[in-house]
Amino acid sequence: MSALVVMDSWLVLDGQVEGLELHLERFAASCRELVGAAPPGDFLRRVRSACAEASGECFPLVTGRDSGFDLAMRPAPQRRATTRLWVPPEPDPRAYPEHKGPDMPALLALRERARAEGADDAVLHREGTVEEAATATLLFARGNSLLVPPGPRLPSVTERLFVARWEGPVREESVMVEEAPGLRCWAMNSLHGVTAVRGWA
């Protein structure tokens with residue numbers, strides 16, 4: 001039996017979710033790979049129905065284990081308009097960078113350390129290059145070109161929607177940690193949406 005937990009979450013505003021099917025597809029793919037089974041159709045229908053019937057701001061959490069699947073409808077945490085990042089001294093600790101859930105305890109611990117340093121999130125880096133943040137993807141711009149760090153990374157739904165709307169060139173390119181503060185940068189996740197990075201600690 002696997003002890004791994006797969007999870008996903010997204011913002012619901014009065015029954016509306018941007019990219020819900022993309023979130024569910026990502027969740028199902030990770031469940032198939034890590035826990036050996038995709039969520040059944042009746043579970044996915046329950047998730048869609050709960051989101052459609054939700055009022056106000058909600059931040060549901062779906063989890064998948066080899067013992068089954070769960071949905072928790074939670075109130076949305078306070079959202080922010082900009083992001084400040086902290087660079088920890090150690091490299092990216094994740095064992096499953098392309099999946100949301102198994103590494104969450106380590107990532108949340110990094111975010112708490114970032115908050116203690118006066119930042120909102122922690123930068124994940126390896127061999128001197130930026131990968132993403134503990135709870136957000138990071139994209140950069142050089143001129144009118146959007147820079148997407150190479151993987152392995154979590155396939156971010158918010159990033160996918162942002163890239164589709166970008167009007168200039170998009171290319172995969174590594175960004176060094178030391179040059180990152182000099183570039184335009186956005187942090188993006190399903191709770192806060194797309195926020196401009198306004199500081200580095």
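Two strands count as paired here if DSSP finds at least two bridges between them. Keep in mind throughout that this is a predicted model.

**View 1. Strands S10 and S11 run side by side.** Strand S10 covers residues 145-148, and its pairing with S11 is parallel, with three bridges. Look for leucine 146: across from this residue, in S11, sits valine 170.

**View 2. An open sheet is built from eight strands.** Reading across, the strands come in the order S8-S7-S6-S13-S12-S9-S10-S11, and the pairing is mixed. At the edges you'll find strand S8 (129-133) and strand S11 (170-172), each with pairing on one side only. From one strand to its neighbour the sheet turns by 40 degrees on average, if you ignore direction.

**View 3. Helix H3 packs on the sheet.** This helix takes in residues 104-116 and touches strand S6 (82-86) as well as strand S7 (121-126). Compare the directions of H3 and S7 and you get an angle of about 120 degrees.

**View 4. Helix H4 packs on the sheet too.** Here the helix is made of residues 157-165, and the strands it touches are S9 (137-142), S10, S11, S12 (184-189) and S13 (193-200). Set against the direction of S12, that of H4 makes an angle of about 130 degrees.

**View 5. Domain 1 meets domain 2.** The protein splits into domain 1, residues 6-72, and domain 2, residues 82-200. Their C-alpha centres are 23 Å apart. On the domain 1 side, 15 residues are in contact with 16 residues of domain 2. Between them the two domains bury about 1400 Å², and 64% of that is on carbon and sulfur atoms. Which residues of domain 1 lose the most area to domain 2? They're Met7, Leu22 and Arg26, which together make up 41% of what that side buries.

**View 6. Polar links join the two domains.** The count between domain 1 and domain 2 is one salt bridge. Zoom in on arginine 165 and glutamate 18, whose side chains meet in a salt bridge at 2.4 Å, N to O. As for polar contacts between the domains, the count is six residue pairs, with both residues at pLDDT 80 or more. Which elements give two or more residues to the side of domain 1 that touches domain 2? Those are strand S1 (6-9) and helix H1 (20-34). H1 gives the most to that side, with six residues.

Key: Residues are numbered from 1 along each chain as its sequence is written. This is a predicted model: local features need pLDDT of at least 70, side-chain atom pairs count only at pLDDT 80 or more; totals for chains, interfaces and linings use all residues. Side-chain values use heavy atoms; hydrogens and water are left out. Helices (H or I, at least four residues) and strands (E, at least two) are DSSP runs, numbered from the N terminus. Axes are lines fitted to C-alpha atoms, for helices over the stretch in contact, and angles run from 0 to 180 degrees between N-to-C directions. Contact means heavy atoms within 4.5 Å. Domain bounds come from an automatic or database domain assignment. Buried area is the accessible area (1.4 Å probe) that two parts lose on being put together, summed over both. A salt bridge is a side-chain nitrogen of Lys or Arg within 4 Å of a carboxyl oxygen of Asp or Glu. A polar contact is a pair of N or O atoms within 3.5 Å; within protein, one must be able to donate a hydrogen and the other to accept it, and residues adjacent in sequence count only if both atoms are side-chain atoms.
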